[in-house]
Amino acid sequence: AINGSELLALDKEGLKMLGVERVGTLCLLSDEISLLKKAADESKVTHIEHSPYCFGKILDYLRLQQLNSVNLAKVPAPPSVRNSQKKSFEKVVDYYFPGESSKYILG
């Protein structure tokens, strides 16, 4: 499987490595990838990849916060994240909770 960032990075050689052999197909795919790159640059869309692990941590924390608001749970500590996932976790939090609101999740 190819993710969005990998798709935008594909060139004709990369397409050949994936098994695309017909010249016409290579050209069409290359042109479409170029259009996607241009559209992404123009719209300034952030391509974010997230793991179920990171989303799960955020959702668990928000659920505990909600339970706390109705006195069904203690005040939750900020999510504890594996070292290998910290950078990805912070990226997802910053994307969905921009600016000062990210401190609500990150502590």
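**Group meeting: salt bridges, cores and a surface patch**

Let me start with D60 and R63, which both lie in helix 4 (residues 52-69), 3 residues apart, or about one turn of the helix. Helices here are DSSP runs of H or I with at least four residues, strands are runs of E with at least two, and both are numbered from the N terminus. Before going on, some housekeeping: this is a predicted model, local features need pLDDT of at least 70, side-chain atom pairs count only at pLDDT 80 or more, and totals for chains, interfaces and linings use all residues. Residues are numbered from 1 along each chain as its sequence is written, and side-chain values use heavy atoms, with hydrogens and water left out.

Back to our pair. D60 forms a salt bridge with R63, with 3.4 Å between the closest N and O atoms. By salt bridge I mean a side-chain nitrogen of Lys or Arg within 4 Å of a carboxyl oxygen of Asp or Glu. D60 is partly exposed, at a relative accessible area of 42%. On that scale, buried is under 20% relative accessible area, exposed is over 50%, and partly exposed is in between, using a 1.4 Å probe and protein chains only.

How many salt bridges does a search of the whole structure find? There are 3. Another one joins K16 to E13, where the closest N and O atoms are 3.5 Å apart. K16 and E13 also share a helix, namely helix 2 (residues 12-17), and sit 3 residues apart, about one turn. K16 is partly exposed at 42%, and E13 is partly exposed at 49%. Then we have K103 with E100, at 3.1 Å between the closest N and O atoms. K103 is partly exposed, with 48% relative accessible area, while E100 counts as exposed at 59%. As a reminder, side chains of opposite charge can pair when their charged atoms come close.

Now to the inside. Which residues make up the largest nonpolar core? It has 9: C54, I58, Y61, V81, F89, V92, V93, F97 and I105. Helix 4 and helix 5 (86-96) each supply at least two residues of this core. A nonpolar core, for us, is a set of buried Ala, Val, Leu, Ile, Met, Phe, Trp, Tyr and Cys residues joined through side-chain atoms within 4.5 Å. Within that core, C54 is buried at 0% relative accessible area. Y61 touches P76, A77, P78, P79, Y104 and I105, leaving aside residues up to four places away in sequence. Contact means heavy atoms within 4.5 Å. There is also a second, separate core of 5 residues, including L10, L15, V20 and L26.

L15 comes up again with S30, which is in helix 3 (residues 23-43). Is S30 buried or exposed? At 17% relative accessibility, S30 counts as buried. S30 touches K12 and L15, again not counting residues up to four places away in sequence.

Out on the surface, I2, L7, L18 and L36 form a nonpolar patch with about 340 Å² of accessible area together. Patches take residues with over 30% relative accessible area and no salt bridge, joining like charges within 9 Å and nonpolar side chains (Val, Leu, Ile, Met, Phe, Trp, Tyr) within 5 Å. The areas are Shrake-Rupley values with a 1.4 Å probe, and for residues only the protein chains shown count as cover. I2 is in the segment before helix 1 (4-9) and is partly exposed at 43%.

Thanks, everyone; happy to look at the model together.
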